[in-house]
Amino acid sequence: DADSLTVEIVWWNGTREHYRTNQTSIANASTVSYTLLRNQTNAFQEGENWTAAVRVFDGTLSSDWANDSVVIQNLGPNNASPFIFPNPARTNSSINASSFVQDPDADSMTVEIVFWNGSREHFRINRTSVANASNISYTLAQNASNIFSKGENWTSAFRVFDGTVSSDWVNASILISNTIPETPNNTITPASPTIDNSLNCSWTYIDSNNDAGTGTIIWYNNT
């Protein structure tokens, strides 16, 4: 009949009616739509079943209801953004790898952390039940199992899992720097010299990297 139409649109979240609108004075053979903008009122949560029901009225008679439904899908977690501390790291340092982790759906997460020494995997751990928007870290304490040698390239790799989807692996690396030699424990002998004595300065050279070193001695007479 080419009547002017009224289109009734009802949105449902599961079995709960969420929003209803009437689009009036619609010309025959038109495309009609309505968008629920995502905001605090229209918060779409993972796993929800949303249905749009449409009925058309020509001023006298109404059509049957027609429905279409979608299930809100999971959004994967954001990639980690790891960093390694301290920088520079030295042979006597402990190495801490940290990252802020976040999931758009605010899901609880599992964070997988892997440490590599060059191309060799050294240590792996899963941190479970990590809350959204957390800082997660792990420290390799410098000890007999975690020996950091000058010039080694240590990498920490992070991957985040929200129970459904995993992020990409993201890495941070650091080169192990030279450790400064220990402060010398120098002594002068004799301890109570007289004017006819010679003076001797001696010290013990200790370097944790076993590097050969050069010692510099400066003598001061008063100032």
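The largest nonpolar core in this predicted model has 21 residues, and Ile95, Val101, Val111, Trp154 and Phe158 are the ones that touch the most other members. Strands β7 (95–101), β8 (109–117), β9 (120–130), β10 (134–140), β11 (153–161) and β12 (170–177) each put at least two residues into this core. With 4 residues, β8 gives the largest share. There's also a second, separate core of 9 residues, with Leu5, Ile9, Trp11 and Ala52 among its members.

**Overall build**

- The protein chain has 14 strands and 0 helices, so if you read the elements from the N terminus on, you get β from start to finish.
- The radius of gyration comes out at 35 Å, while the globule rule gives 17 Å for 223 residues; the protein chain is therefore more spread out than a compact globule.
- Along the principal axes, the C-alpha trace spans about 130 × 40 × 25 Å.
- Buried residues account for 29% of the 223 residues in the protein chain.
- Take the contacts in the protein chain with a separation of 6 or more: 53% of them are between residues 24 or more positions apart.
- About 14400 Å² of the protein chain is exposed, and carbon and sulfur atoms supply 48% of that area.

**Around the main core**

- As background, nonpolar side chains tend to be buried together in soluble globular proteins.
- Val111, one of the core residues with the most links to other members, is in contact with Val101, Ile125, Asn126, Arg127, Val130, Ile136, Phe158 and Arg159 once neighbours within four places in sequence are set aside.
- Ser98 sits in strand β7 and has a relative accessibility of 4%, so it counts as buried.
- The side chain of Ser98 makes a polar contact of 2.6 Å with the side chain of Asn96.
- Leaving out neighbours within four places in sequence, Ser98 is in contact with Ser81, Pro82, Phe83, Asn135, Ile136, Ser137 and Phe158.

**Arg127**

- Arg127 belongs to strand β9 and is partly exposed, at 28% relative accessible area.
- Not counting residues up to four places away in sequence, Arg127 touches Met109, Thr110, Val111, Ile113, Ile136, Ser137 and Tyr138.
- A polar atom of the Arg127 side chain lies 2.7 Å from the backbone oxygen of Ser137.
- Arg127 and Ser99 are 28 residues apart in sequence, with 12 Å between their C-alpha atoms.

**Aromatic pairs**

- The structure holds 5 aromatic pairs.
- One of them is Tyr19 with Tyr34: the ring centres are 5.3 Å apart and the planes sit at 20°, which is under the 30 degrees cut-off, so this pair is stacked.
- Tyr19 is in strand β2 (residues 16–26) and Tyr34 is in the loop between β2 and β3 (49–57), so the pair links parts of the chain 15 residues apart.
- Tyr19 is partly exposed, with 31% relative accessible area, and Tyr34 is partly exposed with 31% as well.
- Phe123 and Tyr138 also form a stacked pair, at 5.1 Å centre to centre and 20° between the planes.
- Because Phe123 lies in strand β9 and Tyr138 in strand β10, this pair ties together parts that are 15 residues apart in sequence.
- Phe123 is partly exposed at 27% relative accessible area, and Tyr138 is partly exposed at 23% relative accessibility.
- Phe115 joins Phe123 and Tyr138 in one aromatic cluster.

**Backbone details to check**

- The peptide bond from Phe85 to Pro86 is cis, with omega near 0°; Pro86 is in the loop between β5 (83–85) and β6 (89–90).
- Another cis peptide bond runs from Thr189 to Pro190, with omega near -5°; Pro190 is in the loop between β13 (187–189) and β14 (200–202).
- Ser25 isn't a glycine, yet its phi is positive, near 55°; Ser25 is in strand β2 and counts as exposed at 61% relative accessibility.
- Ser129, in strand β9, likewise has a positive phi of about 55° without being a glycine, and at 64% relative accessibility Ser129 counts as exposed.

Conventions:
Residues are numbered from 1 along each chain as its sequence is written. This is a predicted model: local features need pLDDT of at least 70, side-chain atom pairs count only at pLDDT 80 or more; totals for chains, interfaces and linings use all residues. Side-chain values use heavy atoms; hydrogens and water are left out. A nonpolar core is a set of buried Ala, Val, Leu, Ile, Met, Phe, Trp, Tyr and Cys residues joined through side-chain atoms within 4.5 Å. Buried means under 20% relative accessible area, exposed over 50%, partly exposed in between (1.4 Å probe, protein chains only). Contact means heavy atoms within 4.5 Å. A polar contact is a pair of N or O atoms within 3.5 Å; within protein, one must be able to donate a hydrogen and the other to accept it, and residues adjacent in sequence count only if both atoms are side-chain atoms. The radius of gyration is taken over C-alpha atoms; the globule rule is 2.2 Å times the number of residues to the power 0.38. Accessible areas come from the Shrake-Rupley method with a 1.4 Å probe; for residues, only the protein chains shown count as cover. Rings of Phe, Tyr and Trp (its six-membered ring) pair if their centres lie within 6.5 Å; planes under 30 degrees apart count as stacked, over 60 as edge-to-face and the rest as tilted.
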